[in-house]
Amino acid sequence: SETGVVNVELPPQLLKRLRFQSIKNTAYEIAWLDSQYTEQNSDDEDNDVGGGNNNATNASNVKNIKKGKKFAVLQPAPYEKIQGHTAVFLGNIKFAELKRVLINKGHNADFHGGIMVCDDRRVAIRKEVNEKRAKIRVQGTLCSQYFKVRDLIYEQYSIL
């Protein structure tokens, strides 16, 4: 259902900050957005959706909003309040494909009880799935094989 869905205005100064990244094996692009949610009335005198200059683009952005109606605006978060974010891994690794990638790069990989074991048991890869998301866990001895396997796994994702 569409519970909690809100249309928001993205002013030009916010759009300029976005750095889009392609998602592997799709036609989609995605960007991380640090912003602050505000509500404004369409009849506010200081309605500054366009970033401080009332040009034709800004007027066209708000011309369809009825007088007296509230609308949502995402304003850029101040740089000093941006704390960064944890990495977001986009994609769905299939273990059979991952095994093929590892073998093609010179690693040995076998399945043992739902766990992929690589390089003479130096690296173990588990896939944990719940109703919201899947997690890949890489465990092993901190050696060159571990980091090579981990890097190959990262290459299978788009990381934002």
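So, which strands form the open sheet, and in what order? Three strands do it, in the order β1-β5-β4, and the pairing is mixed. Strands here are DSSP E runs of at least two residues, helices are H or I runs of at least four, and both are numbered from the N terminus. Two strands pair if DSSP finds at least two bridges between them.

Quick housekeeping before I go on. This is a predicted model, where local features need pLDDT of at least 70, side-chain atom pairs count only at pLDDT 80 or more, and totals for chains, interfaces and linings use all residues. Residues are numbered from 1 along each chain as its sequence is written, and side-chain values use heavy atoms, with hydrogens and water left out.

Back to the sheet. β1 (8–9) and β4 (35–41) are at the edges with a single partner strand each, so one side of each has no neighbour in the sheet. β1 runs parallel to β5 (residues 70–76), over two bridges, and Glu9 stands opposite Val73 in β5.

Now the segment before β1, where you'll find Val6. Val6 is partly exposed at 46% relative accessible area; buried would be under 20%, exposed over 50%, and partly exposed is in between, with a 1.4 Å probe and protein chains only. Val6 joins Val8, Leu10, Leu15, Leu33 and Tyr37 in a nonpolar surface patch, with about 470 Å² of accessible area together. Those areas are Shrake-Rupley, 1.4 Å probe. Patch members have over 30% relative accessible area and no salt bridge, and nonpolar side chains are joined within 5 Å. A salt bridge, by the way, is a Lys or Arg side-chain nitrogen within 4 Å of an Asp or Glu carboxyl oxygen.

On to the rings. How many aromatic pairs does a search of the whole structure find? Two. Centres must lie within 6.5 Å; planes under 30 degrees apart are stacked, over 60 edge-to-face, the rest tilted.

Phe95 and Phe111 are stacked, 6.0 Å centre to centre with 25° between the planes. Phe95 sits in helix α3 (residues 95–104) and Phe111 in strand β7 (residues 109–112), so this pair ties together parts 16 residues apart in sequence. Phe95 is buried at 14%, while Phe111 is partly exposed at 39%.

Then Tyr146 and Phe147 go edge-to-face: 5.1 Å between centres, 90° between planes. Tyr146 is buried at 11%, and Phe147 is partly exposed at 34%.

One last ring: Arg17 lies over the face of Tyr79, 4.0 Å from the ring centre. The cut-offs there are NZ of Lys or CZ of Arg within 6 Å of the centre and within 35 degrees of the ring normal.

Terms used. Patch = residues over 30% accessible without salt bridge, like charges linked within 9 Å, V, L, I, M, F, W, Y side chains within 5 Å.
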